[in-house]
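Colleague: Can you take me through the empty spaces in this one? Start with a pocket.

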Amino acid sequence: MGFESFLAFKYLQPKRKRGFINLITVISVGGVAVSVAALIVVVSVMNGFDNDIRDKIIGTNAHVLVTANTRAGIRDAVGLQKKIEAMDGVLAAAPFYQGQIMLKSDSGVLGVVLQGIIPEAHARISQLRQSVQGRALESLRPAAPNGVPVVLLGNELMQHLDVRPGQELTLFSPVFRMTPLGMLPRMSKVRVAGRFKTGYYEYDSSLIYMALEDAQRLFDAQGQVNQIGVRVKDLEQAPMIADRIQAMDNGLNYWAKDWLRMNGNLFKALQTEKLIMFIILACMVVVAAFNIVSTLVMMVMEKQKEIGVLRSVGASARSILSIFIQQGLIIGVLGGVLGFALGLGVCAFIDRYPIPIPGGGSVYYIERLPVSVQAFDLGAIALMELLTCFLAAIYPALHASRLDPVEAIRYE
């Protein structure tokens, strides 16, 4: 250890006659620790929100969605599906028909999104099987010619309509037919087979599933599909696979979008919110750095005579500068270590004992406070904290290095 480091540690050691300076030093370390801990907890919670919302969106939707450009559906959907499944990086592909309908029960009418699916195929591109409660998915089969089709409703939607499994509802299709009473929308009775719960309020309150053949009949689109969902091995490769699928279309038959493009605004908003919170909480570290400035300024005033002696026996101004900069870094490192221990401890506690969010899924996207600690964020916090403490130590250190040795020794 060089004499600069030795003196830096020595000057920070608590002494009874330096009680006030000792107190300010402890406050400086505590301020840095609390600021770093708060920064770690808030950023980790923001990461948890981001990951939880992403998992719910991806769990319900496909990683890549191929959508028809016309009302006639995707031409040669079977052939396109086989080509997609043969691509590298693709796990599965499933066709389905999606449209908007009106759903009527005894308690009201709601506009919802209907997806006509092949259950076995759709379960390979989403978490449908995990989200459906009980064995209701097995009952999602095409209805007999004069039978009543069955549907699966989102958990929130069932509560809004006040319906139970086994009850019948009325669907109104946007397809109009000429009747003795004039043009009327096509209507169909359906039976509720069960419910699903994705944990994402937007889907659970506005999405229903029906067998593909029944949906095609409801929209007068026999044999047509207007969407193909694709599941990929690596989420980061989804944009590239979507571009490759789009490149196979020469006739403006469809467009392909990956999960990030479909939800770009939402994830950009989350990233922006995370950045803003990081900047706001980083200001706490800056405020804590002012305590470091105060500590070092008072220490320089106390050690003026010793600084003069050091200069008179040959210590350079650079060595004096190094002593007090190292003091600032020592305070920063000690506060950072304590802050990391406190912040990671709080994150571990939240992860082990989740905190319920008031309102739960009926108000927000999630029911419990999520947390996700990421190494990149920890590195950025550590770098920012050390840099701030280093900058805070520069002014007192420069002041100490510029003291005149003669005047410093004569100081009483």
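Modeller: This is a predicted model. The second largest pocket has 16 lining residues, and Arg71, Tyr97, Gln98, Phe219 and Asn226 lie nearest its centre.

Colleague: How much space lies in the second largest pocket?

Modeller: About 290 Å³.

Colleague: Which element gives the largest share of its lining?

Modeller: Strand 2, with four residues. Strand 1 (64–68) and strand 5 (168–179) each supply at least two as well. By class, the lining of this pocket has six nonpolar, eight polar and two charged residues.

Colleague: And the largest pocket, what lies nearest its centre?

Modeller: Asn61, Gln98, Gln115, Glu202 and Tyr203, out of 20 lining residues. Helix 2, strand 2 (90–105), strand 3 (108–117), helix 4 (119–125) and helix 7 (201–204) each give two or more residues to that lining. The space in the largest pocket is about 460 Å³, and its lining divides into eleven nonpolar, eight polar and one charged.

Colleague: How many cavities of 30 Å³ or more are there?

Modeller: One. Its space is about 30 Å³.

Colleague: Which residues line that cavity?

Modeller: Ile40, Val43, Ser44, Asn47, Gln374, Asp377, Leu378 and Ile381. Helix 2 (19–60) and helix 14 (375–401) each supply at least two residues, with helix 2 giving the most, four.

Colleague: Switching to the surface: which residues make the nonpolar patch of about 290 Å²?

Modeller: Val286, Val287 and Phe290. Val286 is in helix 11 (residues 264–302).

Colleague: Why does Val286 count as partly exposed?

Modeller: Because its relative accessibility is 38%, and partly exposed runs between the 20% and 50% cut-offs.

Conventions
Residues numbered from 1 in each chain as written. Predicted model: local features only at pLDDT ≥ 70, side-chain atom pairs only at ≥ 80, totals over all residues. Heavy atoms only, no water. Patch = residues over 30% accessible without salt bridge, like charges linked within 9 Å, V, L, I, M, F, W, Y side chains within 5 Å. Areas by Shrake-Rupley, 256 points an atom, 1.4 Å probe, with all protein chains shown as cover. Salt bridge = Lys/Arg side-chain N within 4 Å of Asp/Glu carboxyl O. Buried < 20%, exposed > 50% of the residue type's maximum accessible area, 1.4 Å probe, protein only. 1 Å grid on protein atoms, 1.4 Å probe; cavity = no way out; pocket = protein on both sides within 12 Å on 5 of 7 lines; lining within 4 Å. Points joined across faces, edges and corners; volume = space filled by probe spheres on them. Nonpolar A, V, L, I, M, F, W, Y, C, P; charged D, E, K, R; others polar.
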